[in-house]
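Visitor: I'd like a close look at a single part of this protein, please. Could you walk me through it slowly?

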Amino acid sequence: MSNRHYHVTFLRHGESVGNLENRFQGQADFPLTGLGRSQAQAVAEKWRENARSFQRAISSPLLRARETAEIICAALQSPLEFDQDWMEIDNGLISGLSVEEAMQNFPKPPYLTPYTRYGQTGESRWQLYLRAGRAIQHLLDHPAESTLIVAHGGILNMALYAILGIQPQADHSGARFQFHNTGYADFLYDPVSHSWRMLNFNGHPDGKDAWA
């Protein structure tokens, strides 16, 4: 790989307590479960066996992402930093609530535009999209290198939207990239030709469904 290329791996955190309890996590801070730690360790062991390494690793500071990143980076001896731009969507008043609690207390509006705020007071999909674009910009402000991003399903979807030139659609229509726990996608970016290439999408490595 030429040193002019950015090799970026986007990885979703392992199973969290919020996932296990079927909650709308958003920016509520749930730690990993035992299974989540095992999932992160499995990815770390697989990558170590394949001699994968990262010159830089960036994680959301939320516990479920932080713990996942720390497990992987310790195994691969990769330097780790944290960036709030990679946090999950702020979903307002439904943050941390179970699906049943959210539906009872804050019913979903009959129609969601890209500007509708989640949980009445949270971010809209458009705001999340702009934040993801800013995070990509910051990533590319650095010299070309191999970088691991550890984050969440919502923000990772908007990062891929920004990369692929997709705009947020109304009412959750349009493309969706299903990052399950410790699912990841590998991209190569050539800044000379502004060419993004998806090298791999392993979005469902453990065979389980889970809430973002």
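Visitor: Between which helix and which strand is the loop that holds Thr182?

Guide: Happy to help, and please keep in mind that this is a predicted model. Thr182 sits in the loop that runs between helix H6 (153–164) and strand E5 (184–190). Its backbone deserves a look: Thr182 has a positive phi of about 60 degrees, although it is not a glycine. Thr182 is also buried, with a relative accessible area of 3%, and that follows because buried means under 20%.

For a companion case, turn to Gln77, in the loop between helix H3 (63–76) and strand E3 (80–82). Gln77 is not a glycine, yet it has a positive phi of about 55 degrees. Its surroundings are another matter: with 73% relative accessibility, Gln77 counts as exposed, since the cut-off for exposed is over 50%.

Helix H6, which borders the loop of Thr182, also leads us to helix H5, as H6 is among the elements that cover the buried residues of H5. The others include strand E1 (6–12), strand E2 (56–59), strand E4 (146–151) and strand E6 (195–202). Helix H5 covers residues 125–140, and its 16 residues should span 22 Å at 1.5 Å a residue; the end C-alpha atoms are 23 Å apart, which agrees. The buried residues of H5 are Arg125, Leu128, Tyr129, Arg131, Ala132, Ala135, Ile136 and Leu139. Looking down the axis of H5, you find these buried residues within an arc of 165 degrees, so they line one face of the helix.

Definitions and conventions. Residues numbered from 1 in each chain as written. Predicted model: local features only at pLDDT ≥ 70, side-chain atom pairs only at ≥ 80, totals over all residues. Heavy atoms only, no water. Helix = DSSP H or I, 4+ residues; strand = E, 2+ residues; numbered from the N terminus. Buried < 20%, exposed > 50% of the residue type's maximum accessible area, 1.4 Å probe, protein only. Expected span 1.5 Å × (residues − 1). Arc of directions from axis to C-beta. Contact = heavy atoms within 4.5 Å.
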